Amino acid sequence: MRKVLIVGAGQSGLQIALGLQSHGYEVTLMSNRTADEIRSGRVMSTQCMFHTALQHERDLELNFWENQAPRIEGLGVSVAAPDSSRAIDWVGRLDGFAQSVDQRVKMAGWMETFAQRGGQVVIHGAAVGDLDYFSRTYDLVLVAAGKGELVTMFERDAARSVFDAPQRALAVAYVHGLGPRPEHPDFDAVRCNLVPGVGELFVMPTFTNTGRADILFFEGVPGGPLDAFKGVKDPSEHLALTLELLEKYVPWEYARATKVELTDANATLAGRYAPTVRKPIGRLPGGGAVLGVADVVVANDPITGQGSNSASKCAASYLSSIIEHGDRPFDEAWMQSAFDRYWDTAQHVVKWTNAMLGVPPEHVLELIGAAGQAQPVADRFANGFDDPADFENFFFDPEKTAAYLESVRAAA
Ligand SMILES: Cc1cc2nc3c(=O)[nH]c(=O)nc-3n(C[C@H](O)[C@H](O)[C@H](O)COP(=O)(O)OP(=O)(O)OC[C@H]3O[C@@H](n4cnc5c(N)ncnc54)[C@H](O)[C@@H]3O)c2cc1C
């Protein structure tokens, strides 16, 4: 049977590893942390995943936490006015529910499942030198190591990378005790709060090591008032700062948050990275080649909550490309074609995410405003998080936005 090495036990690496394993491939998974270290370690993401990405997990029967995790049925947008009231506020309904399962729970659980099913797990932080050796002993080496140091093996694709610096400062806190959304306490939703010129606050329910919780996730414009978490190491200090900023910039969310406490000692995260697209093939000093996966090759800012979704979509796409290739060699031409197939989907995510990082043009403001008046617009916007390709039809081009809004008005 064909031998595949996967470096990195995150969303994409584990999904491909478990998928290939179920098809009889001999898979080795290299992880720089054990399952227990991941489970008891620091939070890594907010990992809200929408229907299509969740369906890829279901297709592989990996949806182990589906019945425990809150079902996120809506996606709300609020825009803060200069006086910190809500100038805009609406909730779109998702056609299929979304879910967030703490990656600490999911990756640890998937890794143990992979090992229990006979997969080989090697605990080792891989270096380029290791890959040189392994590329000679495996039929295929996939690098699914996220935004870690191994990305330096993959050349930045300047034509596809709009930014060369981080566009947001990220600060996450997992909490228990958040009150319900007063507008719609009957169903769970992700709340996207936009504070023009300052940044965003995302609030969403999740399933973590200690059960149901909520995540408070600030995206601060660099150098602005939300870019305040650098150097804050103490988790309780992180939470206190989060609450202070909530009260000042998004008081309607603060009103729900007065009784929160952190879920655990590793429930906070702060950092930043530059959104980057890379060339998919990493060439090794000894002449071998490896294929980059998910965040290694396409890392978007989390402002649109797409990274785990994209990792799932990339894994599903690569899995098909590998299986369809049969016994033929995994040469560079195949690697490029596997990436190109994924890029068909990923390009829409990159374009939309980069657009959301900028100052919204007039027609986008109009669209977001119209969603407050017309539920179909809110619903379509919300479902774009599942299928960002749809934004091509009504978001980027002012004429298409106008035509879409006109068609909604006519239908009403
Ligand atoms: C604050 C924040 C919020 C986010 N919110 C969302 C969201 O709501 N929705 C969404 O879809 N996405 C979100 N994302 C993005 C999402 O978490 C990532 O895009 C996704 O996890 C990428 O998956 P991956 O498989 O490429 O890499 P990762 O999940 O990063 O996994 C890579 C793994 O490789 C391991 N590794 C690294 N280097 C090595 C090495 N040398 N050897 C061995 N192992 C190694 C790492 O420890 C890790 O386990 C968010 C990200 C952040 C930072």
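Leu-14 has a relative accessibility of 0%, so this residue counts as buried; the cut-off for that label is under 20%. Keep in mind as you look around that the model is predicted. Leu-14 belongs to helix α1, which covers residues 11-22.

What does Leu-14 touch once its neighbours within four places in sequence are set aside? Its contacts are Gly-8, Ala-9, Leu-29, Met-107, Trp-110 and Met-111. If you would like a reference distance from here, try Glu-66: 52 residues separate Leu-14 from Glu-66 in sequence, and their C-alpha atoms are 17 Å apart in space.

Now let's step back to the whole chain. The protein contains twelve helices and 17 strands. Its C-alpha trace extends over about 60 × 50 × 40 Å along the principal axes. The radius of gyration is 21 Å, and because a compact globule of 412 residues would come out near 22 Å, the value agrees with that expectation.

The burial seen at Leu-14 can be set beside the figure for the protein, where 58% of the 412 residues count as buried. Contacts tell us about the fold as well: taking pairs at least 6 apart in sequence, 75% of the contacts join residues at least 24 apart.

Finally, have a look at the outside and at the charges. The accessible surface amounts to about 16,600 Å², and carbon and sulfur atoms account for 51% of that area. As for charged side chains, the protein carries 36 positive and 52 negative ones. The centres of these two sets are 2 Å apart.

Conventions
Residues are numbered from 1 along each chain as its sequence is written. This is a predicted model: local features need pLDDT of at least 70, side-chain atom pairs count only at pLDDT 80 or more; totals for chains, interfaces and linings use all residues. Side-chain values use heavy atoms; hydrogens and water are left out. Helices (H or I, at least four residues) and strands (E, at least two) are DSSP runs, numbered from the N terminus. Buried means under 20% relative accessible area, exposed over 50%, partly exposed in between (1.4 Å probe, protein chains only). Contact means heavy atoms within 4.5 Å. The radius of gyration is taken over C-alpha atoms; the globule rule is 2.2 Å times the number of residues to the power 0.38. Accessible areas come from the Shrake-Rupley method with a 1.4 Å probe; for residues, only the protein chains shown count as cover. Lys and Arg count as positive and Asp and Glu as negative; His and the chain ends are not counted. The place of a charge is taken as NZ of Lys, CZ of Arg, CG of Asp or CD of Glu.
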